[in-house]
Amino acid sequence: MKFKDIPISAWIGILSTSVFVFAAVFAPWIAPYDMADPVGQVWEPMSWKHLLGTDNLGRDLLSRLIFGARTTLTIAAIATLLSFFVGAFLGMLAAVVGGWIDQLLSRFVDLLMSIPTLIFALVVLSVLPSNLITLILVMGVLDATRVYRLSRAVGVDINVMEFVEAAKLRGENRVWIITREILPNAMSTLVSEFGLRFVFMVLFLSALSFLGLGIQPPQADWGGMVKENKDGIVFGIPAALIPAFAIAMLAISVNLIADWLLNRSADTKGGRGEL
Amino acid sequence: MSSDNVLEIRDLKIGVAVKEPNGRSKDIEIVHGVSATIEKGKVLGLIGESGAGKSTIGLSSLAYGRGSVDITGGEVLLNGRDIMKLGRSGLKSVRGKEVCYVSQSASAGFNPAKRLIDQVIESTLEHGLATRSEAITRAKELFAALSLPDPENIGSRYPHQVSGGQLQRVMTAMALCPKPDLIVFDEPTTALDVTTQIDVLAAIKNAIHLTGVAAIYITHDLAVVAQVADDIMVLRHGKTVEYGSTKQIIEAPQEDYTKALVTVRSIEADQQEAVAAPVMEIKNITAGYGRGTTVLDDVSVELYAGQTLAVVGESGSGKSTLARVVTGLLPPRKGEIQFEGKVLTPKQPNRSLQDLKDIQMIYQMADTAMNPRQTIGTIIGRPIEFYFGVKGKELRDRIDALLDKIELPRDIAKRYPGELSGGQKQRVCIARALAAEPKLIICDEVTSALDPLVADGILKLLLQLQASENMAYMFITHDLATVKAIADSVAVMHLGKLARYGPKQQVLSPPFDDYTDLLLSSVPEMRLGWLEKILSSRKMQSAGN
């Protein structure tokens, strides 16, 4: 793969995603203020002192946005990884083993998916103790149903290919068949799906925080920041729009990358020809 | 030019835009200046292996290029007009009216949601050539001319309600319906069984004769084209190798390549007698899928070391199911298989590693039989590693030795299947089977997807390997020429039963049972007038009718 083969849209996505990741990783060094300190008046407008203004408690909005990137990205990434490990593993297992295991898993997933995710998460999170682990687990497991469906569908397709039959006839065990025969051929589809699911995780987490069940104050995260500042909108104060804009930017830029990966995996050589 | 020429192709050059890794596209010429003329009512056969440019040239007479194919030079004159200069609307008035197309896969060419008759008369109505009732009358006449059963009512069926051979004839009717001057037949019988092919071939020939249409007939099978064409053009790598009358090409070919094509099916292995005890005895196997119909009914055959059993039959005869039973993918309902004197476990997952190693399989489609994400080295090295626990340098040495055996360069081990040609891929599949040092290899239509000359090479390689490694082959095929080439004994399957079984000489010599006679007589021979002669002397009608 050569750099100049990457389309301009993907470059934009990569560039702006890197900015978010950079901010998240080096938050304590680049944020001008501490995220929890009230350093000014309530809802100060943008100025050289506070580049993006201050929030409903007089905290620096830019600093909170940078620290919020850290929380939002980390939790979304961990939850996505979790959903992929669980979903892809079970999906592939169902595809290869088939029979009652497939039936059991698929019907259970159908059951989970029939309940609206947000409502399901609200109920579970309001019952369970609110900490980060529960939050990640709930988000991961609920999203794993989507990954399960995709990887099962891809797995079933590949499982009937003759090279998989050849491996079975050779006497290979299921671990080899899943990891060496099926997964490499499903990878590009799964990787591009990873990007999309990550975006959904960010949105999901923001929605939960907005409803007060996600990240708890004084920790900053983008959905929570929208919630804290939403009352300002009535007075014409844009503080709530800034984190909302950050959420939208992140979603768009990750989507641009995912879109490019998906295009690559859709080409006839399965993307491999260009690597 | 004479006014009798329907189509005149002058110095046709066709290029294809290939995207290079750096994103820029480059034009590669795939047809290098081909010229041909077709007179009214004559048939030109285009023949060549895959990639010879025969379909591309055929489609150029409709001024059509598949994908990024572009006509870069030369002229295509249809009824005296250069169709390259017609423009969009001009082409629209020519296609489907003056020139029509019959594709290889009729089942993919029909809309499954519409009745046949509506699709057959569609272009006739589109061009306003006839009223609906006139068009339907003409379609019914054509159905009759193509000897379709029940020509009055067959049009009201849907595509899935008729057989493959019938559908191909309906497609021919569709092309003939607007009374075109030229029809392009693109491998119309290639996907059909041999006994069906002969009927479709006869129907097409008859219809061409009755309607007086000119035609381009594209195929890779010289014996087929010899039956319908007046002239033949042999193509290779986008160039004309030889162009002449059918009689001259078949009986007195000038070029070496044409000679090779004409004589391609002449390898014939001497039949070996069964001496020792059989490696495998398949005893009274009855099998089927689910609780449904029986696909295999009381089949018993034997396989001997160093010999080949050819299992012949049409699609649906149960020959591939027999392979599935032997490999253990489909446990039989009744009967047993003895392998080296012991009863073989019916289910594959319960078989011992030794048994799995000893029975190997080679598939028809080498493309799908190899993992596209594994290198050739991994593909053929894995069985060695898996069965013999060999690693490191010794493994690499054994991979090299295998590549030598299948006559491929050693550096191919680092490449991926996608970078190999069809014949090379099939060789790699042979190497993978060979790597397990098996006692029996099941070859499921291993040469069907290959060009004749390439297939010949594969068969020679298989025979050579059999002689040196003393393996038994179970060779599943629908192609009787292949059977003649490599078999020691032959099992003819028909509707799940053994129609005939025994040593090759005995099976292939008279007196025949009706089915074997039909099957044997349907194999096109490279001889003029074969089709007419055979149709008048057959005992049994094929299933297509």
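Which side chain of opposite charge is nearest to Asp221(A), and how far away is it? The answer is Arg64(A), at 7.3 Å, and Asp221(A) has no salt bridge even though it is buried. Keep in mind as you read that this is a predicted model.

## A buried acid in chain A

Let's stay with Asp221(A) for a moment. You'll find this residue in the loop between helix H8 (174-210) and helix H9 (222-229) of chain A. Why doesn't the Arg64(A) pair count as a salt bridge? The cut-off is 4 Å between a side-chain nitrogen of Lys or Arg and a carboxyl oxygen of Asp or Glu, and Arg64(A) is 7.3 Å away.

Asp221(A) does have a polar partner, though: its side chain makes a polar contact with the side chain of Ser209(A), at 3.1 Å. If you skip the neighbours within four places in sequence, the residues in contact with Asp221(A) are Gly68(A), Thr71(A), Thr72(A), Leu205(A), Ser209(A) and Ile215(A). So Ser209(A) turns up on that contact list too.

## Chain A as a whole

Now zoom out. Chain A has 10 helices and zero strands, so if you walk along from the N terminus you meet α-α-α-α-α-α-α-α-α-α. Taken along the principal axes, the C-alpha atoms fill a box of roughly 75 × 50 × 30 Å. Of the 275 residues in chain A, 47% are buried. And here is a number about how the chain folds back on itself: among contacts between residues at least 6 apart in sequence, 69% join residues at least 24 apart.

## Salt bridges

How many salt bridges are there over all chains? The count comes to 35. Here are three of them.

| Salt bridge | N to O distance |
|---|---|
| Arg152(A) and Asp102(A) | 2.7 Å |
| Arg149(A) and Asp110(A) | 2.4 Å |
| Asp400(B) and Arg410(B) | 3.9 Å |

Take the bridge between Arg152(A) and Asp102(A). Arg152(A) belongs to helix H6 (residues 132-159) and Asp102(A) to helix H4 (residues 99-114), so this pair ties together parts of chain A that are 50 residues apart in sequence. Are the two partners buried or exposed? Arg152(A) is partly exposed, with a relative accessible area of 26%, while Asp102(A), at 10%, counts as buried.

Next comes the bridge between Arg149(A) and Asp110(A). Here again distant parts of the chain are linked, with Arg149(A) in helix H6 and Asp110(A) in helix H4, 39 residues apart. Arg149(A) is partly exposed at 42% relative accessibility, and Asp110(A) is partly exposed at 26%.

Over in chain B, Asp400(B) and Arg410(B) form the bridge listed at 3.9 Å. Asp400(B) sits in helix H16 (residues 392-405), whereas Arg410(B) is in the loop between H16 and helix H17 (422-435), and the two are 10 residues apart. Arg410(B) has a relative accessibility of 45%, which makes it partly exposed.

Salt bridges can also join up into a network, and one such network links Arg170(A), Glu172(A), Arg382(B) and Glu385(B). Notice that residues from chain A and chain B both appear in it.

## Rings, and charges over them

Arg382(B) has another role in the picture: it lies over the face of Trp176(A), at 3.4 Å from the ring centre. Within chain B, Arg398(B) lies over the face of Phe388(B), at 5.0 Å from the ring centre.

Rings also pair with each other, and the structure holds seven aromatic pairs over all chains. In one of them, the rings of Phe22(A) and Phe26(A) have centres 4.9 Å apart and planes at 45°, so the pair is tilted. Phe22(A) is partly exposed with a relative accessible area of 47%, and Phe26(A) is partly exposed with 36%. Together with Trp29(A), these two phenylalanines form one aromatic cluster.

## A loop residue in chain B

Last stop: Gln272(B), in the loop between helix H11 (256-262) and strand E11 (280-288) of chain B. With 38% relative accessibility, Gln272(B) counts as partly exposed. Gln272(B) and Thr308(B) are 36 residues apart in sequence, and their C-alpha atoms are 9.1 Å apart in space. Leaving out the neighbours within four places in sequence, Gln272(B) is in contact with Gly306(B), Gln307(B) and Asp488(B).

Methods
Residues numbered from 1 in each chain as written. Chains lettered and ligands numbered in written order. Predicted model: local features only at pLDDT ≥ 70, side-chain atom pairs only at ≥ 80, totals over all residues. Heavy atoms only, no water. Phe/Tyr/Trp six-rings, centres within 6.5 Å; stacked < 30°, edge-to-face > 60°. Buried < 20%, exposed > 50% of the residue type's maximum accessible area, 1.4 Å probe, protein only. Lys NZ or Arg CZ within 6 Å of the ring centre and 35° of its normal. Helix = DSSP H or I, 4+ residues; strand = E, 2+ residues; numbered from the N terminus. Lys, Arg positive; Asp, Glu negative; His and termini not counted. Polar contact = N/O pair within 3.5 Å; in protein donor to acceptor, adjacent residues only side chain to side chain. Contact = heavy atoms within 4.5 Å.
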